[in-house]
Each structure stands twice: as structure tokens, then as C-alpha cells.
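These are my notebook entries on a structure I went through element by element. I wrote down what I looked up in the order in which I looked.

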Amino acid sequence: MTLPLENSAPRDFDFIIGDWTVKHRRLNERLAGCTSWTEFSGRSSTRKTLGGFGNIEDNILHFPEATFRAIAVRSYCAKTGTWSIWWLDGRNPMQLDKPVLGKFSGSTGLFYTDDVFDGKAIKIRFTWICSPNEDPRWEQAFSSDDGATWETNWTMQFTAVGEPAKQRGG
């Protein structure tokens with residue numbers, strides 16, 4: 001059964017709805033001047049929720065050391081025009097990560113939060129790139145200098161399973 005969507009629901013994340021294979025790249029050490037990356041594969045499936053004002057992305061990540069599951073939960077606030085994104089890692093199923101908040105401008109979405117990494121205050125940035133006729137890309141970056149500089153430490157390149165991205169609306 002599919003529940004109806006609200007006519008006024010945002011379409012910002014429509015580009016990621018569906019099933020994907022994912023090429024992950026993760027920096028081996030964060031905020032340590034590291035330039036070595038580990039690559040691994042994964043799968044992702046995203047479905048709309050909350051009448052279209054949210055979505056859930058179910059993930060399988062095949063790290064070199066083990067495979068695990070995780071989800072991203074996204075919700076849209078019509079009052080502020082912003083999205084909140086939470087991450088729940090199956091290895092720690094009782095702890096939601098702090099949400100990143102933001103919005104899209106054109107084909108790029110930027111989402112931020114303040115957090116702590118290795119006992120130090122940092123900023124986290126998620127970047128979603130959904131250019132028309134291209135498969136989506138996600139990046140995570142940390143800043144330890146209040147956003148003056150950013151270190152990208154994780155990327156995800158999505159490839160559609162089934163219909164090409166250009167038929168998905170970009």
C-alpha cells in the first residue's frame with residue numbers, strides 16, 4: 001500500500017527517491033591532515049514519508065572490515081523552508097546523530113550543524129549535488145575553525161538501479 005502525498009509537499013529530495021548502488025570514499029583519518037582514502041560499496045533505497053514532507057533512506061554499507069546498516073531520516077519544516085537530516089547507525093541503534101539543517105539552492109543542498117569530534121568543537125556540513133541528467137552525489141565535511149576551512153571526509157556517488165537518473169527528474 002502506498003499512502004497519498006500532500007500536494008504542497010516539497011520536491012527537493014525527489015532526485016534520490018528509489019534504489020541505488022553507492023560508491024563510498026571515506027578519509028582514513030579526520031582532521032589530521034590525512035590524504036588517504038578507503039573506498040567501499042553499498043546500496044541505498046529511499047522512500048517518501050510524512051505525505052512527502054519527509055523521506056527515509058535505508059543503507060547497506062560494505063566497509064572493508066564489516067557490513068552494517070544505517071538510515072537517514074529527513075523531514076521538511078514548511079514554516080522555515082528547511083530540512084533536518086538525522087543519521088542512525090545500526091552499530092549504535094540507540095543514538096541518533098545530531099541533525100544537520102539546511103536547504104537547496106538550485107541543484108545544491110547545504111546542511112550544517114555544530115558538534116564535537118575527538119573532544120573538539122567542530123562544524124559539520126552535508127552537501128547534496130543533484131545536477132540534472134547526472135546521478136546524485138553527497139559529501140560530508142568537517143571544520144575545526146568555525147567554517148573558515150572545510151575538510152571533506154566522506155563522499156557517496158549514487159548510481160540508479162533501474163531507470164536512469166535523467167528519467168527521475170534530475
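I began with Phe158, which in this predicted model counts as buried because its relative accessibility is 0%. I then turned to its ring partner and found that Phe158 and Trp128 form a tilted aromatic pair, with 5.5 Å from centre to centre and 35° between the planes. Since Trp128 belongs to strand β8 and Phe158 to strand β10, the pair ties together parts that lie 30 residues apart in sequence. I also checked Trp128 for burial, and at 2% relative accessibility, under the 20% limit, Trp128 counts as buried.

Next I looked at the aromatic pairs as a set, and I noted that the structure holds 20 of them. Ring pairs link Trp128 and Phe158 into a cluster that also takes in Phe13, Phe15, Trp20, Phe53, Tyr76, Trp83, Phe104 and Phe111.

I then searched for charges over rings. Arg74 lies over the face of Phe13, at 4.7 Å from the ring centre, and Phe13 is one of the residues of the ring cluster. For Arg26, I found the charged end over the ring of Trp154, at 5.8 Å from the ring centre.

Phe13 came up again when I looked for enclosed space. I recorded one cavity of 30 Å³ or more, and the largest cavity holds about 40 Å³ of space. Its lining consists of Pro10, Arg11, Asp12, Phe13, Asp14, Ile17, Lys48, Gly52, Gly54, Asn55 and Trp83, which I sorted into four nonpolar, three polar and four charged residues.

From the cavity I moved to the open space, where the largest pocket has about 660 Å³. I noted 32 residues in the lining of this pocket, and Arg30, Trp87, Asp97, Phe126 and Gln140 are the ones that lie nearest its centre. The elements that give two or more residues to this lining are β1 (18-27), β3 (54-62), β4, β5, β7 (108-117), β8 (120-129), β9 (137-143) and β10 (151-160). By character, the lining of the largest pocket divides into 19 nonpolar, four polar and nine charged residues.

Because β4 and β5 both appear in that list, I went on to how strands pair in this part of the chain. Strand β4, residues 67-77, and strand β5, residues 82-89, pair in the antiparallel sense over eight bridges, and within this pairing Ala70 stands opposite Asp89 of β5. The hairpin of β4 and β5 has four residues between the strands, and there Gly81 takes a positive phi near 70°. On the pairing of β5 with strand β6, residues 100-105, I noted that the two run antiparallel and are joined by three bridges, with Ile85 opposite Val100 in β6.

My last entries concern positive phi in residues other than glycine. Leu31, in the loop between β1 and β2 (37-49), has a phi near 50°, and at 31% relative accessibility Leu31 counts as partly exposed. Asn133 has a phi near 65° and sits in the loop between β8 and β9. With a relative accessible area of 57%, which is over the 50% limit, Asn133 is exposed.

Technical notes:
Residues numbered from 1 in each chain as written. Predicted model: local features only at pLDDT ≥ 70, side-chain atom pairs only at ≥ 80, totals over all residues. Heavy atoms only, no water. Pairing = 2+ DSSP bridges. 1 Å grid on protein atoms, 1.4 Å probe; cavity = no way out; pocket = protein on both sides within 12 Å on 5 of 7 lines; lining within 4 Å. Points joined across faces, edges and corners; volume = space filled by probe spheres on them. Nonpolar A, V, L, I, M, F, W, Y, C, P; charged D, E, K, R; others polar. Buried < 20%, exposed > 50% of the residue type's maximum accessible area, 1.4 Å probe, protein only. Phe/Tyr/Trp six-rings, centres within 6.5 Å; stacked < 30°, edge-to-face > 60°. Lys NZ or Arg CZ within 6 Å of the ring centre and 35° of its normal.
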